[in-house]
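Ready to practise reading a protein structure? Take a look at the sequence and the 3D view, then work through the exercises.

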Amino acid sequence: MSIKSDRWIREMAEKHGMIEPFEARQVRQNGGGRIVSYGVSSYGYDVRCADEFKIFTNINSTIVDPKAFDSKSFVDFKGECCVIPPNSFALARTVEFFRIPRKVLTICLGKSTYARCGIIVNVTPLEPEWEGHVTLEFSNTTPLPAKIYANEGVAQMLFLESDEICETSYKDRGGKYMGQKGVTLPKT
C-alpha cells in the first residue's frame, strides 16, 4: 500500500474527475486577504468547507441516538462563517465532490490551524468506489465559541492505494451514504 503524491492527485482529478471542483495548487489568498489554505499539497488534498451548516443544539432536549437520530437536535445555518457553541459541534460538508477509485482508501485529517484552536475535524474513511460530498464534523473542545470559515481549507485528504483490488467496494455493497449531497445526518 502506498500514499499517493501531488502528481497522482492532479492526474486523477483532471483525467478521471476524482475531485470536483479541483484546485491544482495550494490557495492561500483570495480577494479579501489570507485564508486557511486549500488545494493540492505534497501528499494530500486540502478540502474546503461549504457554507451550509447544522449546529448542534440541546434546546429540544432530545437524546442523541445513532439508531434513531432526531433532526431537531440541529439548527440549520447558511453563511460565510459558523460559530460553534462552547463544548459543542456542528456538521458541514465539503465544497468538493469525490469519486474514490476502487483500489483507494481515503483518510481525512484536520488542519493544524483549526487543531491549534481546539477545533477537531472528524470524518470516517472514504471507502473504495464511494462518491459524494463529504460530511464534516467539527467539535469545539474549548469553553469558548469557535468559528469555522466557509470556502476555506478545513481538512486534508490522504489517498492510500492498495496493492490489490478489494473484493467488495462501497458501491458493490450499496452503501447508505453513496452519492450524498449536502450535509447528511446519520442513517440507519
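Here are three exercises with worked solutions, all based on a predicted model.

**Exercise 1.** Classify the ring pair of Trp8 and Phe159, and find out why it ties together separate parts of the chain.

*Solution.* Start with the count: there are 6 aromatic pairs. In the pair of Trp8 and Phe159, the centres are 5.9 Å apart and the planes make an angle of 50 degrees. Planes under 30 degrees apart would be stacked and those over 60 edge-to-face, so this pair is tilted. Next, locate the partners: Trp8 sits in helix α1 and Phe159 in strand β14, so the pair joins parts 151 residues apart in sequence. Finally, both Trp8 and Phe159 are buried.

**Exercise 2.** Work out how Phe56 and Phe74 are arranged, and whether Phe74 is buried or exposed.

*Solution.* The ring centres of Phe56 and Phe74 are 6.0 Å apart, with 80 degrees between the planes, which makes the pair edge-to-face. Phe56 belongs to strand β6 and Phe74 to strand β7, so parts 18 residues apart in sequence are tied together. Phe74 has a relative accessible area of 9%; buried means under 20%, so Phe74 is buried. Ring pairs also bring Phe89 into a cluster with Phe56 and Phe74.

**Exercise 3.** Describe the lining of the largest pocket.

*Solution.* First, the space: the largest pocket holds about 640 Å³. Then the lining: 26 residues, with Val123, Thr124, Thr135, Tyr177 and Thr184 nearest the centre. Strand β12 gives the largest share, 4 residues. Sorted by class, the lining has 16 nonpolar, 5 polar and 5 charged residues.

Definitions and conventions. Residues are numbered from 1 along each chain as its sequence is written. This is a predicted model: local features need pLDDT of at least 70, side-chain atom pairs count only at pLDDT 80 or more; totals for chains, interfaces and linings use all residues. Side-chain values use heavy atoms; hydrogens and water are left out. Rings of Phe, Tyr and Trp (its six-membered ring) pair if their centres lie within 6.5 Å; planes under 30 degrees apart count as stacked, over 60 as edge-to-face and the rest as tilted. Helices (H or I, at least four residues) and strands (E, at least two) are DSSP runs, numbered from the N terminus. Buried means under 20% relative accessible area, exposed over 50%, partly exposed in between (1.4 Å probe, protein chains only). On a 1 Å grid over the protein atoms alone, a cavity is a set of points where a 1.4 Å probe fits but cannot get out, and a pocket is an open set with protein on both sides within 12 Å along at least five of seven lines; lining residues have an atom within 4 Å of a point. Grid points are joined across faces, edges and corners, and a volume is the space filled by probe spheres set on the points. Ala, Val, Leu, Ile, Met, Phe, Trp, Tyr, Cys and Pro count as nonpolar, Asp, Glu, Lys and Arg as charged, and the others, Gly among them, as polar.
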